Amino acid sequence: MAIQEDNLLKNVISHAKEYGFIFPSSEIYDGLSAVYDYGQNGAELKNNIKEYWWKFMTLLHDNIVGIDAAIFMHPTTWKASGHVDAFNDPMVDNRDSKKRYRADVLVEDAIAKLEEKIHKEVEKAAKRFGASFDREMFLATNPRVLEYTQKIDETNARLKAAMGASDMGAMKKLLDDLEIADPISGTKNWTEVRQFNLMFSTEMGSLAEDTNKIYLRPETAQGIFVNFLNVQKTGRMKIPFGIAQIGKAFRNEIVARQFIFRMREFEQMEMQFFVKPGDEMTWYEFWKDNRMKWHKALGLGDENYRYHNHLNLAHYANAACDIQFDFPMGFKELEGIHSRTDFDLKSHEKYSGKKLQYFDSEENQSYIPYVVETSVGLDRMFLSILSKSYTEEKLPDGSERVVLRIPVPLAPVKVAILPLVKKDGLPEKAMDIMNDLKFDLRCFYEEKDAIGKRYRRQDAIGTPYCVTVDHQTLSDNTVTIRDRDTMRQERVNINEIRPQLIAACSINNILRKIEQ
Ligand code: GAP
């Protein structure tokens, strides 16, 4: 059943809460803005996504190792990384709606509207000219399209210049010149644009005179940079090599919305790949391709992913792109791939006074490596999987079901064990099966309610297999295995359940699909 896109996000949010995937943080106190807790099924799905990423990075790439650095880091880290001075977003308030916005996002939205206008002109012309329509020619010659394109180019250039120079006056002028109105109040009654640093700070030390301002890390990457030589030396790593890490990051986002898409506390899965200076563009292309393959192997639909090149580069990058995903609110950033040059290591060398160089025995010289980074938000991965798996279905008998078609190896519960009735020795037989399977697969035992109701509950949390024990089981040692997606049931001997389900649920089924 097709679901309207704006309804889809609402449905996913309420489903996630009803079935123990995601709860608002400290809900009994009315929640905390843009902070969420993962429930019993959410925590399992999240762990499975982490396993998929960790195994891909550290098992399938023999030159990548993983670490787990602390969230708290020496405060100079953030001076060196540029986050104290440059990790800002331009913030603006509308005096009438009293709402706060990111000025650069308002400008980007205005650009997206112009792009939409071009798209509409193209569609209209394609209809009018039919088979003879030449898209490239139309884009290059149609006066209205040319006018929009020129405006887009000019706006992008002004945005880039204003952001690059941290010129908030120029940002305000851009809002005024584009006549951008607040989507809520409809007015253009804006305050001045101000820079807002996104890092959370706290104090370390129990005595007042010992207090020291420290930050909650806004990215996990710096924990990798400061450990670069520790890992390289102790692991005897040879360039090119990578260091991977999964962990929490914190950002005081100005506008935090769209559920777990933009949170103030979130998790990142990052990998820094250290390369010889000059080789970074080759590796940048390699990782763009490699990461896209990882995403597509999940089977959520290739058409749901695309690249988006950054026009406004972060302070550390010489090339950057996003892998965008078609979320319920449209195509948005899922993962960033950045060529970070030698910015971070060089800066840490300067601020710490410690050499962070690699001796290349083949070249017989020392140098600061260049870095290509892949950085994917775990919570955004979660939202991409949850929203694309969420399906409302009308069944042939007229009834309806909500099923989460989560990729089988990532499903929170792999097998539900269900005795048909709560008597005649069926529960005991079912428990025997559960006790055998639980060493290898996350199982869920349930004997309450009619079997149809129990199947629906498992569909709703995405359990790929239901094993049902019935009276025939007692006579011929067989059970039925019901498939979540097809709802077909197959009768198998009890001895075959374990090998069959272990094979079907293995994460290797996805990993092996990714060509290296
Ligand atoms: N180390 C580079 C870095 O942090 P980023 O593009 O700012 O780059 C990387 O973040 C990824 O982290 C994003 O693609 C996104 O998936 C995730 N992410 C960033 N901010 C987030 C937020 N506020 N809430 C949830 N995920 C976020």
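Three short exercises on a predicted model follow, each with a worked solution.

**Exercise 1.** Determine how helices H5 and H7 are oriented to each other, and which residues meet.

*Solution.*
- Step 1. Locate the helices: H5 spans residues 103-129, and H7 spans residues 143-164.
- Step 2. Take the axes. They come within 10 Å and cross at roughly 160 degrees.
- Step 3. Apply the cut-off. Angles over 145 degrees count as roughly antiparallel, and H5 and H7 are therefore roughly antiparallel.
- Step 4. Add the hand: H5 passes H7 in a left-handed crossing.
- Step 5. List the contacts. Residues of H5 including Val-107, Ile-111, Leu-114 and Ile-118 meet residues of H7, among them Val-145, Tyr-148, Ile-152 and Leu-159.
- Step 6. Sort by class. The contact holds 9 nonpolar, 3 polar and 8 charged residues.

**Exercise 2.** Find which residues come nearest to the ligand, and give the distances from ligand atoms to Glu-253, Gln-268 and Gly-377.

*Solution.*
- Step 1. Survey the surroundings. There are 21 residues around the ligand; Glu-219, Arg-251, Met-263, Glu-270 and Glu-333 come nearest.
- Step 2. Start from a ligand nitrogen. An N or O atom in the Glu-253 side chain is 2.8 Å away from this nitrogen.
- Step 3. Turn to ligand oxygen. The Gln-268 side chain places an N or O atom 3.0 Å from a ligand oxygen.
- Step 4. Check the backbone. For Gly-377, a backbone N or O atom lies 2.9 Å from an oxygen of the ligand.

**Exercise 3.** Identify the unusual backbone geometry in the loop between H10 and S9.

*Solution.*
- Step 1. Recall the norm. Most residues other than glycine have a negative phi, and most peptide bonds are trans.
- Step 2. Inspect Arg-236, which lies in this loop. Arg-236 is not a glycine, yet its phi is positive, about 50 degrees.
- Step 3. Inspect Pro-240, also in the loop. The peptide bond from Ile-239 to Pro-240 is cis, with omega near 5 degrees.

Methods: Residues are numbered from 1 along each chain as its sequence is written. This is a predicted model: local features need pLDDT of at least 70, side-chain atom pairs count only at pLDDT 80 or more; totals for chains, interfaces and linings use all residues. Side-chain values use heavy atoms; hydrogens and water are left out. Axes are lines fitted to C-alpha atoms, for helices over the stretch in contact, and angles run from 0 to 180 degrees between N-to-C directions. Helices (H or I, at least four residues) and strands (E, at least two) are DSSP runs, numbered from the N terminus. Angles under 35 degrees count as roughly parallel, over 145 as roughly antiparallel, 65 to 115 as roughly perpendicular and the rest as oblique. A crossing is left-handed if the near helix is turned anticlockwise from the far one by less than a right angle, and right-handed if clockwise. Contact means heavy atoms within 4.5 Å. Ala, Val, Leu, Ile, Met, Phe, Trp, Tyr, Cys and Pro count as nonpolar, Asp, Glu, Lys and Arg as charged, and the others, Gly among them, as polar. A residue is near a molecule or strand if one of its heavy atoms lies within 4 Å of it. A polar contact is a pair of N or O atoms within 3.5 Å; within protein, one must be able to donate a hydrogen and the other to accept it, and residues adjacent in sequence count only if both atoms are side-chain atoms.
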